[in-house]
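Please open the model in your viewer and keep the selection panel at hand. The tour below goes from one selection to the next and says what is there at each stop.

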Amino acid sequence: AYPDGTPADVPAGECAANVPPGYLVFYKKNRDKAQSKYLATQEWRRTKNLHAIHTINHQAFSRMKEAYPHVIHGHTKDGMLVVHEAPGKMKMKECMREAAKYGGTVDDLLVHYCYFMEYMSNIE
């Protein structure tokens, strides 16, 4: 959070000067490219208001969970989250057909994914 209490758009300890290690690995230690992509990611996060995604009513949460079964199971010995997904049990076509009746779109899938990822990234 900023000194005035407004939330930051990036997790604590991260800033443009500190390119996350994963970006450096992905871009083969090309710091300029990694930093450029990291900044683009942060801009996308700001435009999508991802830092506040959990304050938004996620009306399709139960339908998304039913369509794509996934659950946080626990932690590994070194503290990493264990997530079980069941892609073989996906019911996306049925879910999207049902969602379309209520104006649901593929963007709703992206929102759910971001919602879940943000939740996991904030678990201590």
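Leaving aside its neighbours within four places in sequence, which residues is His112 in contact with? Bear in mind, as you select them, that this is a predicted model. The residues to display around His112 are His58, Phe61, Met64, Lys65 and His70, once the neighbours within four places in sequence are left aside. His112 itself is found in helix H5, which covers residues 106-121, and with a relative accessible area of 7% this histidine counts as buried, because the cut-off for that word is under 20%. Among the contacts, show the side chain of His58 together with that of His112, since a polar contact of 2.9 Å joins the two.

Stay in helix H5 and select Cys114, which is also buried, with a relative accessible area of 9%. Leaving aside neighbours within four places in sequence, Cys114 is in contact with Trp44, Leu50 and Ile53. If you draw a C-alpha to C-alpha distance from Cys114 to Ile53, the value is 8.0 Å, although the two residues are 61 residues apart in sequence.

The next stop is the salt bridges, of which a search of the whole structure finds two. Select Glu118 and Arg45, whose side chains meet in a salt bridge at 2.6 Å, N to O. Glu118 lies in helix H5 and Arg45 in helix H2, so this pair ties together parts that are 73 residues apart in sequence. Both Glu118 and Arg45 are buried.

For the other pair, select Arg46 and Glu43, whose side chains meet in a salt bridge at 3.2 Å, N to O. These residues are three apart in helix H2 (residues 31-48), and are therefore separated by about one helical turn. Are they buried or exposed? Arg46 is partly exposed, with a relative accessible area of 38%, and Glu43 is likewise partly exposed, at 40%.

Finally, turn to the strands, and select residues 70-75 for S1 and residues 81-85 for S2, which pair in the antiparallel sense over five bridges. Within this pairing, pick Gly74 and then Val82, its bridge partner in S2. Between the strands of this hairpin there are five residues, and Gly79 is the place to look at the backbone, since Gly79 takes a positive phi near 90°.

Methods
Residues are numbered from 1 along each chain as its sequence is written. This is a predicted model: local features need pLDDT of at least 70, side-chain atom pairs count only at pLDDT 80 or more; totals for chains, interfaces and linings use all residues. Side-chain values use heavy atoms; hydrogens and water are left out. Helices (H or I, at least four residues) and strands (E, at least two) are DSSP runs, numbered from the N terminus. Buried means under 20% relative accessible area, exposed over 50%, partly exposed in between (1.4 Å probe, protein chains only). A polar contact is a pair of N or O atoms within 3.5 Å; within protein, one must be able to donate a hydrogen and the other to accept it, and residues adjacent in sequence count only if both atoms are side-chain atoms. Contact means heavy atoms within 4.5 Å. Two strands pair if DSSP finds at least two bridges between them. A salt bridge is a side-chain nitrogen of Lys or Arg within 4 Å of a carboxyl oxygen of Asp or Glu.
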